[in-house]
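Could you help me learn to read a strand sheet in a structure that is new to me? I would like to go one feature at a time.

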Amino acid sequence: MTTTVSFKVPSPHGSHGSHDVTVSYARVGRGEPLVLLHGIGHHRQAWDPVVDILAAERDVIAVDLPGFGASPGLPEGLPYDLPTTNAVLAALFEALELDRPHVAGNSLGGLLALELGRERLARSVTALSPAGFWTQAERRWAFGILIALRRIARRLPLPLVERLAATAAGRAALTSTIYARPARRSPEAVVAETLAMARATGFDAALRTGLTVQFTDDVPGTPVTVAWGSRDVLLVPRQGIRAKKIIPRARLIRLPGCGHVPMNDDPALVARVILDGSR
């Protein structure tokens, strides 16, 4: 069941006042809290293949980041930069009465999870193909793919998206850059995430912020797991080696046969990695 919560976020850079932010989320299960953060252009339903497995041991909160999924964009005056997003998520945790939850994130969500860990706002972090460990050439490659996906999603009429999603070949055409096994994704899910990409009001601002993002510091004092799909064509697996060098105490795990959004490709493996990382 989807729920929304509204809360105040202080104005950035020491200015006075605060802003009202509303976030959509779904919550299920019981146990220690575990917050799930999706990637750019996606929505919380990216986690659907693993939520029920995780909910057997965790109080799972899957979040639509501001400007994505069912969450409205950030109000004017709040930029889509990492300090602001940290402040938004910290305020969300307070609103939901979450005391340093475990956090797992994919792509942009993985980068945000690591930032939360560095700020001691997360009890543990599991980052699946996190952004920020790229070279300039790798970033250009990834951004080129994301921009192309955004253009396609915005230009395709809905009836055509539905026809494509109804076949395995069509689902591969729409999603093979993020899934290694696109045929496993349901037609309804592919239609929904294509619409989510097309309608993401935060996409352009978040992508612009990514032009200057490079993760270069350790995450001391927080258990970190970094996992990378062996068939990730968006953020290539060698970036995981760089992540391990920057965060030397992190567990680095290979996800065989998985693409950039591995939750769909091997739900049982991804759920086990997250649960192990949050124990």
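What follows is a short conversation about the sheet and the helices beside it, in a predicted model.

Q: In what order do the eight strands of the open sheet stand?
A: Happy to start there! Across the sheet, the order is β1-β2-β4-β3-β5-β6-β7-β8, and the pairing is mixed. At the edges are β1 (2–10) and β8 (251–255); each has a single partner strand, so one side of each has no neighbour in the sheet. On average, neighbouring strands are turned by 25 degrees against each other, direction ignored.

Q: Do β1 and β2 run parallel or antiparallel?
A: They run antiparallel, and nine bridges join β1 to β2 (residues 18–28). For one pair to look up, take Val5, whose bridge partner in β2 is Val23.

Q: How many residues of strand β3 are buried?
A: Buried here means under 20% relative accessible area. Five of the six residues of β3 (residues 32–37) are buried, so this strand is largely enclosed by the rest of the structure. Six bridges join β3 to β4 (residues 58–64), running parallel, and Glu32 stands opposite Arg58 in β4. Between these two strands the chain passes through helix α1 (residues 48–55), making a right-handed β-α-β crossover. Strand β3 is also parallel to β5 (residues 102–106), with four bridges joining them; there, Val35 stands opposite Val103.

Q: Which strands does α1 touch, and which does helix α3 lie across?
A: Helix α1 packs on the sheet against β2, β3 and β4, its direction making about 155 degrees with that of β4. Helix α3 (residues 108–118) lies across β3, β5, β6 (125–128) and β7 (224–229), at about 150 degrees to β5.

Notes: Residues are numbered from 1 along each chain as its sequence is written. This is a predicted model: local features need pLDDT of at least 70, side-chain atom pairs count only at pLDDT 80 or more; totals for chains, interfaces and linings use all residues. Side-chain values use heavy atoms; hydrogens and water are left out. Buried means under 20% relative accessible area, exposed over 50%, partly exposed in between (1.4 Å probe, protein chains only). Two strands pair if DSSP finds at least two bridges between them. A crossover is right-handed if, with the strands pointing away from the viewer, the path from the first strand over the helix to the second runs clockwise. Axes are lines fitted to C-alpha atoms, for helices over the stretch in contact, and angles run from 0 to 180 degrees between N-to-C directions. Contact means heavy atoms within 4.5 Å.
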